[in-house]
Structures are given as structure tokens and as C-alpha cells.
Amino acid sequence: MSAQRHKCLIIACGALAKEIVYLRRHLGVADEALTLKCLPAEFHNTPQKIAPGVEALLKEHRKHYDRVLVAYGECGTGGALDTLLKQYDAERLPGAHCYEFFAGAAQFEQIVEAEIGSFFLTDYLVKNFDRLVIKGLGLDRYPELTSVYFNNYKQVVYLAQNEDEALKQKALGAARQLDLDFLYKRVGYGDLATELEAFVQEEGLCGSAHKDQQTRQLKTKDEDHVSC
Amino acid sequence: MSDEEDIILRDLNDNDLVDQIKDDLYDGLKDEVFEGVEILLERKWEANLILSDVLVEAMRIVGIDFRDGILFVPEVLQCAGAMKGGMGQLRPILAASDAQTSVGKFVIGTVKGDIHDIGKNLVGMMLEGAGFEVIDLGINNPVENYLAAIDEHKPDILGMSALLTTTMPYMGLVIEELDKRNILKELPVMVGGAPLNQEFADAINAHSYGRDAAMSAEMARTIIGKNS
């Protein structure tokens with residue numbers, strides 16, 4: 001059976017690397033059965049670099065794999081990513097952004113419907129808030145631009161993958177720094193887990209390694225709302 | 001472009017002062033641009049000449065360097081802030097001047113579901129600099145807002161902006177509605193925003209695609225026959 005197993009590749013945003021490595025282990029998939037290659041998470045701020053970055057990896061690696069999953073949302077590429085994936089017979093995760101598939105489409109829509117001025121953070125974005133948001137937007141050099149960037153935002157929504165009080169406090173601090181309200185939602189791995197699980201099952205990759213026992217903690221619901 | 005020695009703006013002749021204001025705007029030095037404009041006004045320069053030959057011209061260079069990857073968003077926003085300061089001095093003079101007539105009316109707004117307005121505001125500023133009367137509808141505009149503004153202001157051009165891949169299709173919906181009401185054949189519609197491209201603008205039947213703020217203002221003048 002293992003000799004017949006397909007070789008699959010995930011090309012992912014660096015912001016999802018840790019989560020995908022965790023899920024791969026958790027689903028009991030051997031590293032060599034599902035290879036992970038990442039692009040810099042900084043592309044989050046420069047979406048025009050995503051499709052060329054993915055294409056470079058596809059050019060090099062597509063022929064070596066039976067199936068390729070691109071762990072990006074549409075991510076502001078203006079359709080360029082989807083056009084590219086058709087060309088290379090690859091597929092991506094559903095939704096516009098990573099925070100959408102972490103939250104799940106319905107919950108994401110509900111949050112945005114309730115408050116259109118929602119600025120989303122995930123575990124990765126909280127951990128790297130200073131590098132990706134503060135430095136990425138130039139707020140370290142020009143803090144006065146904060147109001148220019150965030151004028152229309154009302155709240156920071158932290159879609160937490162893991163329960164981590166230190167990260168939660170850091171996210172609250174980020175909201176305060178941006179002078180926004182704070183909403184905490186423990187969403188787990190959301191559709192990333194669902195999609196990845198479906199992918200490995202379709203490819204028969206499950207059980208190629210020892211399966212993690214913490215499965216049911218992947219989706220969960222906790223919520224706090226703080227006005228800063 | 002900053003020099004180590006302090007430059008006394010009042011000591012410069014007109015040509016050097018104009019060059020210095022352009023340099024200062026490029027460097028995002030709001031106070032210096034403000035002072036430079038003040039000196040030119042004291043020297044009896046016409047407000048519309050200061051606007052077009054100094055501020056807009058400097059911002060045009062900023063736009064080119066942004067397009068070419070020399071300047072980045074935070075720097076462009078600093079430049080825009082400096083230009084805004086200079087324009088703030090000129091606006092009341094231009095408004096009070098009998099000689100100053102608008103070259104046309106431009107209604108602009110970010111589409112429904114989208115709260116991003118940095119690009120739209122830059123375009124609005126460049127349009128104003130190019131002599132347009134700009135009616136800014138702000139963010140998150142449903143089709144009804146555009147229709148009401150068209151009815152009220154009778155614009156020469158309608159501009160729509162979107163930053164999100166999820167909201168840009170709404171532009172097509174507005175254009176369809178304008179077509180149904182026989183407004184489209186009389187009213188050119190310009191679209192713009194980071195994820196857009198010419199292909200998308202063509203697909204939704206927009207009159208033009210504004211790639212950046214400076215180019216949008218140039219195109220707008222061409223559309224109303226002021227660039228021949």
C-alpha cells in the first residue's frame with residue numbers, strides 16, 4: 001500500500017507553516033508523503049508577489065508530485081493565483097484569506113456583517129505583529145500613519161488557533177496600540193484542518209505515520225470582547 | 001534628498017524654491033512644503049500654478065517611483081500628507097478665485113463591503129490637483145449611493161475603488177445598474193484598486209482602469225478632453 005501512495009506537495013504561505021506541520025503530524029501523515037514548501041509570510045503585505053512566488057515553486061516541483069495543494073486563500077491576488085493554479089493543475093484552500101478559512105466562511109461573514117471594520121489577526125500574525133504589521137506598514141518609522149491605515153477599522157478580531165494567554169494579551173496590546181476594540185475568538189484550525197484532512201484522505205496518506213491523539217481540539221469556540 | 005545643511009527657503013530664488021518644495025514633498029516633509037507654498041504665495045504666485053506645477057508635479061514623480069518600486073506605501077503616504085498640507089493652503093484661495101473653474105466633476109467612492117480608502121484618497125487628491133471638483137462618497141458604498149450622487153451632482157466621470165478581491169466584483173454590479181438605467185453611455189466609469197487590472201476593468205465594461213493615482217488623474221483629464 002505504501003509503495004502505491006501518491007506523492008503530494010503543499011505550497012504554503014509561511015504564516016501557515018507551523019499549523020500545517022502540526023496538522024500533518026496530527027493526521028498521522030509522514031513528512032515524505034506530504035512535502036511542505038513555504039513562501040515568505042511577508043507576501044501578506046505584497047500580494048502581487050504571491051502568484052509569481054507560487055509559480056516559481058510550481059515550475060520547479062510540479063512534475064515531481066501527483067497532486068499539489070496551495071495553502072493560500074485568494075489573498076488579494078486579483079485572480080492571478082487562481083489562473084496560475086488552473087495552468088498547473090493545482091488547487092488552493094477556499095476563501096479570500098487565511099483568517100477566513102480559520103474562522104470558517106459562515107463565522108467570518110457573520111463577524112464582518114456585524115462589524116465591517118474588523119482587522120483580523122491569527123496566532124502567527126499576533127506572534128509577528130511587530131514585524132508584519134508595525135514594520136510592514138512602516139508604522140515603526142511613521143507612527144503618525146496609524147490613523148491613516150486604521151481610520152476605518154473599529155476592532156481587532158483575534159482568531160486564535162491555540163489557547164495561549166500570552167498571545168491573547170499580546171493581541172489585546174496590539175488592539176490598544178491601534179486604538180481599536182478587541183474581540184477574541186478561539187476558532188482552532190477551522191477549514192484548514194477540514195480541507196487538509198479531506199486532502200490526505202483522498203490521497204490515502206492517513207496513517208503513513210503515527211496519528212496524534214489531540215484531534216478534537218482543532219475546532220473550538222471561546223469568545224471575549226474588550227473595548228479598548 | 002535631504003541635505004545635511006539647513007536650507008533657508010526664503011533665501012532661495014523661485015526656481016530653486018520650487019525644486020526644493022518638490023524635494024521636500026518627495027521626502028514627506030509636511031512643514032517644509034507648507035512653508036514653501038506660503039513663500040510662493042507671498043511672492044504672488046497663482047495658487048493654481050503652485051498646485052499644478054509644484055505639488056502635482058512632485059506627486060507625479062512620487063507616483064512613478066512608487067510604480068517602479070523605489071518608494072513604498074508608507075513613504076507615499078508621507079508624501080501625500082505633505083501635499084495635503086500644501087493643498088490646504090491653496091484650496092480656500094482657489095475656491096474664492098473667479099478665474100478658477102473646475103475642469104469637471106468627479107464622483108468617487110469605495111464600493112460596498114470595502115472600507116479601504118488610502119488609494120481612493122490619493123486619487124481624489126491628484127484629481128483635485130488636476131483641476132477636478134471631487135465629490136467623495138467615502139467607503140462602503142452600495143449602488144444606491146452612486147446613483148444618488150450621479151443624480152445630485154451630474155458628474156463627468158464616476159470612479160470606483162476596491163482593495164479586496166471579494167469586493168471588486170461589486171463594481172461590475174454598479175456598472176450593470178448604470179447600463180440598465182441608460183446612464184453608462186453618457187457617464188465614463190473609471191475603476192481602480194490594488195487587486196484590479198485592465199483585464200478585469202474590460203470584463204466589467206468599465207471605461208478605464210486607473211493603475212495609480214497620478215495616472216488616474218491624467219486619464220480623467222483625457223476623458224474629458226483636457227489633455228489634447
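Which helix of chain B holds B:N15? B:N15 is found in helix α1, which spans residues 14-26 of chain B. The model is predicted, and every value below is computed from it.

**Two surface positions in chain B**

B:N15 is exposed, at 60% relative accessibility. The cut-off for that label is over 50%. B:N15 can be placed against B:A214. The two residues are 199 apart in sequence. From C-alpha to C-alpha, B:N15 and B:A214 are 23 Å apart in space.

B:D31 sits in helix α2 of chain B, residues 30-42. B:D31 is exposed too, with a relative accessible area of 61%. Its charge is part of a wider feature. A patch of negative charge on the surface gathers B:E5, B:D6, B:D31, B:E32, B:E35 and B:E38.

**Salt bridges**

How many salt bridges does the structure hold over all chains? The count is 19. In general, side chains of opposite charge can pair when their charged atoms come close. Three of the pairs are listed here.

| Pair | Closest N to O | Separation in sequence |
|---|---|---|
| A:R67 and A:E203 | 2.8 Å | 136 residues |
| A:D82 and A:R92 | 2.6 Å | 10 residues |
| B:R91 and B:E128 | 2.5 Å | 37 residues |

Start with A:R67 and A:E203, which form a salt bridge. This pair links distant parts of chain A. A:R67 is in strand β3, residues 67-71. A:E203 is in the loop between α10 (190-202) and β8 (223-226). Is A:R67 buried or exposed? A:R67 is buried, because its relative accessible area is 16% and buried means under 20%. A:E203 is buried as well, at 12% relative accessibility. The two residues also belong to a network of salt bridges that links A:R67, A:E91, A:E202 and A:E203.

Next come A:D82 and A:R92, whose side chains meet in a salt bridge. A:D82 lies in helix α3, residues 80-87 of chain A. A:R92 lies in strand β4, residues 91-92 of chain A. A:D82 counts as partly exposed, at 30% relative accessibility. A:R92 is partly exposed, with a relative accessible area of 21%.

In chain B, the side chains of B:R91 and B:E128 meet in a salt bridge. Here the link runs from helix to helix. B:R91 is in helix α4 (residues 73-96) and B:E128 in helix α5 (residues 118-129). B:R91 has a relative accessible area of 40% and is partly exposed. B:E128 is partly exposed at 25%.

**Aromatic pairs**

Over all chains, the structure holds 11 aromatic pairs. One of them joins A:F108 and A:F120, with ring centres 4.9 Å apart. Why is this pair called tilted? The planes of the two rings stand at 35°, so the pair is tilted. An angle under 30 degrees would count as stacked, and one over 60 as edge-to-face. A:F108 is in helix α5 (residues 105-114) of chain A, and A:F120 is in strand β5 (residues 118-121) of chain A. The pair therefore ties together parts that are 12 residues apart in sequence. Both A:F108 and A:F120 are buried.

Another pair is B:F106 with B:F132. Their ring centres are 6.0 Å apart and their planes lie at 85°, so the pair is edge-to-face. B:F106 belongs to strand β1 (residues 104-110) of chain B, and B:F132 to strand β2 (residues 132-136) of chain B. The two are 26 residues apart, and the pair links distant parts of the chain. B:F106 is buried, with a relative accessible area of 2%. B:F132 is buried at 3% relative accessibility.

Chain A also has a ring cluster. Ring pairs link A:F119, A:Y149, A:F150 and A:Y153.

**A loop lysine in chain A**

Where does A:K49 lie? A:K49 is in the loop between β2 (34-39) and α2 (50-61) of chain A. A:K49 is partly exposed, with a relative accessible area of 42%. A:L39 is 10 residues away from A:K49 along the chain. The C-alpha atoms of A:K49 and A:L39 are separated by 9.9 Å.

Note on methods: Residues numbered from 1 in each chain as written. Chains lettered and ligands numbered in written order. Predicted model: local features only at pLDDT ≥ 70, side-chain atom pairs only at ≥ 80, totals over all residues. Heavy atoms only, no water. Patch = residues over 30% accessible without salt bridge, like charges linked within 9 Å, V, L, I, M, F, W, Y side chains within 5 Å. Areas by Shrake-Rupley, 256 points an atom, 1.4 Å probe, with all protein chains shown as cover. Salt bridge = Lys/Arg side-chain N within 4 Å of Asp/Glu carboxyl O. Lys, Arg positive; Asp, Glu negative; His and termini not counted. Charge placed at Lys NZ, Arg CZ, Asp CG, Glu CD. Helix = DSSP H or I, 4+ residues; strand = E, 2+ residues; numbered from the N terminus. Buried < 20%, exposed > 50% of the residue type's maximum accessible area, 1.4 Å probe, protein only. Phe/Tyr/Trp six-rings, centres within 6.5 Å; stacked < 30°, edge-to-face > 60°.
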